[in-house]
Amino acid sequence: MPGKVTVVGAGFYGSTTAQRLAEYNIFDTVVIIDIVEGKPQGQALDLNQSRSIEGFETKIVGTNDYADTAGSDVVVITAGLPRKPGMSRMDLIEVNAKIVRQVSESIAKTSPDAVVIVVSNPLDEMTALAANVLGFPRSRVLGQAGMLDTARFTDFVAETLNVPVGSVKTLTLGSHGDTMVPVPSQCTVDGKPLSDLLPADKIEELVNRTRNGGAEVVALLKTGSAYYAPSAAAARMVKAVAEDSGAVMPVCAWVQGEFGISDVYLGVPAQIGAGGVKKVVEIDLTGSELAALKTAAEAVRAKQADVASL
């Protein structure tokens with residue numbers, strides 16, 4: 001069992017992720033690090049005082065010093081600015097690239113054996129940038145996107161059909177943004193194909209709502225962006241690494257020949273365990289779904305090349 005997990009960034013996303021990880025009660029230590037003095041320390045103090053109530057022993061440490069994160073088994077990078085209403089994920093690229101670069105340089109020095117999960121936006125580009133700066137094997141650097149987008153799609157389907165979320169299985173691949181590829185052919189409700197239960201135009205409507213799921217939350221909140229569902233997704237990925245579960249999850253992973261796509265970070269189903277991505281899992285896609293995935297790969301590839309110099 002990995003003993004130490006670090007969450008970089010003490011915003012809503014980071015602090016909620018730290019809370020979820022601590023409450024799993026499978027780690028010795030969860031470290032929250034942030035540049036704001038006192039903020040992670042205050043969160044750690046508060047979280048530690050919830051341990052006897054929630055019944056977990058994991059110790060939470062707040063710090064502004066990367067020395068306190070040394071030897072982490074898993075690091076989650078949430079650092080960066082959130083979106084404001086009207087902003088796209090791409091609007092954040094320059095400012096967040098500088099932050100993710102600095103964070104990655106620090107992690108490479110203090111936790112050279114860590115699995116790193118990136119959640120900073122724009123997600124696909126930031127994952128690629130972190131991987132380049134870290135210099136780790138690419139299997140140990142992955143991004144959280146598909147887990148969240150799939151959860152949103154699942155929720156919208158369950159709401160529309162008025163069925164339990166547990167009966168719905170959906171999948172989204174591609175990028176975390178405009179070239180997201182929801183995969184209706186892999187979507188079922190109680191084992192029945194979604195296409196048997198909803199007309200094509202209604203499915204397309206839910207696909208579009210999923211694609212804009214983050215913007216919908218941002219527009220309602222007006223300050224900040226989503227964090228409850230995103231932190232749940234990131235924490236589950238960390239848990240899969242920690243427990244070496246081999247769970248297959250849609251994540252942003254390095255693709256090397258699978259689906260006829262190579263040399264790019266892209267949202268794909270991957271088996272997650274100790275060491276990060278064990279393998280990318282190829283599934284059957286329709287012709288149009290595969291074409292959309294290849295289009296997403298090319299769009300993301302161009303942006304990942306741009307970000308390398310930021």
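# Reading helix contacts, strands and turns

Biologist: Which residues of H4 meet which residues of H5?

Modeller: In this predicted model, the H4 side of the contact is made by Ile 93, Asn 96, Ala 97, Val 100, Arg 101, Ser 104, Glu 105, Ile 107 and Ala 108. They meet Glu 125, Met 126, Leu 129, Ala 130, Val 133 and Leu 134 in H5. Sorted by character, the residues of this contact are 10 nonpolar, 2 polar and 3 charged.

Biologist: At what angle do H4 and H5 pack?

Modeller: Look along the two axes. Helix H4, which covers residues 93-110, packs with H5 at an angle of about 35°, and the axes are 9 Å apart. H4 passes H5 in a right-handed crossing.

Biologist: Where does H11 come in, and how do its axis and that of H5 cross?

Modeller: Helix H5 spans residues 123-134 and helix H11 spans residues 287-307; their axes come within 9 Å and cross at roughly 50°. Angles from 65 to 115 degrees count as roughly perpendicular, and those under 35 as roughly parallel. H5 and H11 are therefore oblique to each other. Here, too, the crossing is right-handed, with H5 passing H11.

Biologist: Which residues make that contact?

Modeller: H5 brings Asp 124, Glu 125, Met 126, Ala 128 and Leu 129, while H11 brings Val 300, Lys 303, Gln 304 and Val 307. That group divides into 5 nonpolar, 1 polar and 3 charged residues. Try finding Glu 125 on screen: it is in the contact with H11, and it is also in the contact with H4.

Biologist: Let's turn to strands. How do I read a sheet?

Modeller: Start with the general idea: strands of a sheet pair through backbone hydrogen bonds, either parallel or antiparallel. In this structure, an open sheet of 3 strands has the order S7-S10-S11, and its pairing is antiparallel. Strand S7 (168-169) and strand S11 (192-193) are the edge strands, each pairing on one side only.

Biologist: How many bridges join S7 to S10?

Modeller: There are 2 bridges between S7 and strand S10, residues 188-189. For one pairing to look up, take Lys 169, whose bridge partner in S10 is Thr 188.

Biologist: What do S13 and S14 form?

Modeller: They form a hairpin, with 2 residues between the strands. Strand S13 (residues 262-273) runs antiparallel to strand S14 (residues 276-280), and 4 bridges join them. Ile 272 stands opposite Val 277 in S14. In the turn, Gly 275 has a positive phi of about 90°.

Biologist: Which residue has a positive phi although it is not a glycine?

Modeller: That is Lys 222, with a phi of about 70°. Look for Lys 222 in the loop between helix H9 (213-221) and helix H10 (228-242).

Biologist: Is the peptide bond from Asn 121 to Pro 122 cis or trans?

Modeller: It is cis, with omega near -5°. Pro 122 lies in the loop between strand S5 (115-118) and H5.

Biologist: How many salt bridges does the structure hold?

Modeller: There are 6 salt bridges. One of them joins the side chains of Arg 209 and Glu 159, at 3.9 Å from N to O. This pair links distant parts of the chain: Arg 209 is in helix H8 (residues 200-211) and Glu 159 in helix H6 (residues 146-161), 50 residues apart.

Biologist: Last one: which residues does Tyr 66 touch?

Modeller: Leaving aside residues up to four places away in sequence, Tyr 66 touches Val 8, Ile 33, Val 103, Ser 106, Ile 107 and Thr 110. You will find Tyr 66 in the loop between strand S3 (59-63) and strand S4 (74-77). Compare sequence and space: Tyr 66 and Lys 109 are 43 residues apart in the chain, with their C-alpha atoms 9.1 Å apart.

How values were computed:
Residues are numbered from 1 along each chain as its sequence is written. This is a predicted model: local features need pLDDT of at least 70, side-chain atom pairs count only at pLDDT 80 or more; totals for chains, interfaces and linings use all residues. Side-chain values use heavy atoms; hydrogens and water are left out. Two strands pair if DSSP finds at least two bridges between them. Axes are lines fitted to C-alpha atoms, for helices over the stretch in contact, and angles run from 0 to 180 degrees between N-to-C directions. Angles under 35 degrees count as roughly parallel, over 145 as roughly antiparallel, 65 to 115 as roughly perpendicular and the rest as oblique. A crossing is left-handed if the near helix is turned anticlockwise from the far one by less than a right angle, and right-handed if clockwise. Contact means heavy atoms within 4.5 Å. Ala, Val, Leu, Ile, Met, Phe, Trp, Tyr, Cys and Pro count as nonpolar, Asp, Glu, Lys and Arg as charged, and the others, Gly among them, as polar. A salt bridge is a side-chain nitrogen of Lys or Arg within 4 Å of a carboxyl oxygen of Asp or Glu.
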